[in-house]
Amino acid sequence: MRFAWPWELRRAGVLNMNKRNIDYIGRYNPRKYYKRVDDKLTTKQLALANDIAVPDLIGVVKEQHEIADIPEMVLDRSGFVIKPAKGSGGKGILVITKVENGRYYKPSGNEVTPSEIDRHVSNILSGLFSLGGKPDVAIVEGLIQFAPVFDGFSYEGVPDIRLIVFKGYPVMGMLRLSTAASDGKANLHQGAVGVGIDIATGKGLRAVQFNEPIEFHPDTGRRLMDIQVPDWDVLLETAASAYEMCELGYLGTDMVLDSEKGPLLLELNARPGLAIQIANGKGLLPRLKHVESLGNHTPSVEDRVAYAKIHFGAGADF
């Protein structure tokens, strides 16, 4: 791995954590609105109120005695997801892709016993996975149906699309693909693949795993730059509209493509990570500064998306 000098990173326009925290999160994200994104249940309710599609809400477990209700909740489901409302970084998410005679199976095919599910949900309620370790609630969601366009690009998991939105403009995008190393989760720190996506077209630009460039998916062998994300304009408009929904200026939006329902908003992040710059091979700073130079006038969602496609696409200057 090659280490870069700080001046090299600055010249490349790379946004570092301190600058992100002070100049963008601290300046553009009012703390009073953090609950809108830190609590996934609140985010889901906000999205529904704003006509933004989200995965089905099967149920919510708020108290220990309600854990016993889960088998009844998922009785007629072929799969489901249990996640902490206030979790971060993909922690505490349990994905069940097969339910058979009261038995539950993960994407890997490994069985999860009812007692293990009970213990997992109990850990969620106790705050094991939540920000600050505070008591939490468990959300039980419908399983997302894998869009066939991604066959071979992801291993035992649903790919998700991360877009950084600044003042309502989508400025940088990345597709996150699960691997055997990431245990079917689209988390880069756990070994998922990040594919930089052209804002203008939705096509793959370059890919990385563990911060190192790669050309082919490590498990399936598919060439990663061949990827073309469908419904790209819908995804851009969904991400851009999250600005009005949560009133946070610097935002990460995580979305998925369901084969039946199309683009769905998974969650929002007031402190999106910086690895998206590595996946794209470009720094965020020039794009953020460009948006700042536009002033405080806020065009429509459609106009912001059209502007971003022109100015932040692969053939643009930034």
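This passage describes two sheets, the helices that pack on them, and the charged side chains of a predicted model.

The four-stranded sheet is open, its strands follow the order β1-β7-β2-β3, and their pairing is antiparallel. Strands β1 (57-61) and β3 (94-96) occupy the edges with a single partner strand each, so that one side of each is left without a neighbour in the sheet. Averaged over this sheet, and with direction ignored, neighbouring strands are turned by 15° against each other. Strand β2, formed by residues 80-84, runs antiparallel to β3 and is joined to it by three bridges; within this pair, Val 81 has Val 95 of β3 as its bridge partner. Helix α6 (residues 114-126) packs on the sheet, where it touches β1, β2, β3 and β7 (138-142), and the direction of the helix makes about 30° with that of β2.

The seven-stranded sheet is likewise described as open, with antiparallel pairing and the strand order β12-β11-β10-β9-β8-β13-β14. Its edge strands, β12 (212-214) and β14 (262-269), each pair on one side only. In this sheet the average turn between neighbouring strands, direction ignored, is 30°. Five bridges connect strand β9 (residues 169-177) with strand β10 (residues 193-197) in the antiparallel sense, and the bridge partner of Arg 176 in β10 is Gly 194. Helix α7 (residues 232-246) lies across β8 (160-166), β9, β10, β13 (250-258) and β14, and runs at about 140° to β13.

Helix α4 makes contact with elements of both sheets. The buried residues of α4, namely Lys 40, Leu 41, Thr 42, Thr 43, Lys 44 and Ala 47, pack against α3 (35-38), β1, β2, β7, α7 and β14. At the start of the helix, a side-chain oxygen of Asp 39 comes to within 2.9 Å of the backbone nitrogen of Leu 41, while just after the helix Asp 51 adopts a positive phi of about 60°.

Within α4, which spans residues 40-49, Lys 40 was examined in further detail. Side chains of opposite charge can pair when their charged atoms come close. Lys 40 is buried yet has no salt bridge, and the nearest side chain of opposite charge, that of Glu 267, is 4.1 Å away; this distance lies outside the limit for a salt bridge, because a side-chain nitrogen of Lys or Arg has to be within 4 Å of a carboxyl oxygen of Asp or Glu. A polar atom of the Lys 40 side chain does, however, lie 2.6 Å from the backbone oxygen of Gly 87. When residues up to four places away in sequence are not counted, Lys 40 touches Lys 83, Pro 84, Ala 85, Lys 86, Gly 87, Ser 88, Ile 139 and Glu 267.

A search of the whole structure finds 17 salt bridges, among them one between Arg 36 and Glu 247, whose closest N and O atoms are 2.8 Å apart. Arg 36 belongs to helix α3 and Glu 247 to the loop between α7 and β13, so this pair ties together parts that are 211 residues apart in sequence. Arg 36 is partly exposed, with a relative accessible area of 23%, and Glu 247, at 39% relative accessibility, also counts as partly exposed.

Helix α3 contributes to a further salt bridge, in which the side chains of Arg 271 and Asp 38 meet at 2.9 Å, N to O. This pair links distant parts of the chain, with Arg 271 in the loop between β14 and α8 (276-280) and Asp 38 in helix α3, 233 residues apart. Arg 271 is partly exposed, with a relative accessible area of 32%, whereas Asp 38 is buried, with a relative accessible area of 18%.

In the seven-stranded sheet, the side chains of Arg 176 and Asp 160 meet in a salt bridge at 2.8 Å, N to O. The two residues are 16 residues apart, with Arg 176 in strand β9 and Asp 160 in strand β8, and both Arg 176 and Asp 160 are buried. Through salt bridges that share partners, Asp 160, Arg 162, Arg 176 and Asp 254 are joined into one network.

Terms used. Residues are numbered from 1 along each chain as its sequence is written. This is a predicted model: local features need pLDDT of at least 70, side-chain atom pairs count only at pLDDT 80 or more; totals for chains, interfaces and linings use all residues. Side-chain values use heavy atoms; hydrogens and water are left out. Buried means under 20% relative accessible area, exposed over 50%, partly exposed in between (1.4 Å probe, protein chains only). Lys and Arg count as positive and Asp and Glu as negative; His and the chain ends are not counted. A polar contact is a pair of N or O atoms within 3.5 Å; within protein, one must be able to donate a hydrogen and the other to accept it, and residues adjacent in sequence count only if both atoms are side-chain atoms. Contact means heavy atoms within 4.5 Å. Two strands pair if DSSP finds at least two bridges between them. Axes are lines fitted to C-alpha atoms, for helices over the stretch in contact, and angles run from 0 to 180 degrees between N-to-C directions.
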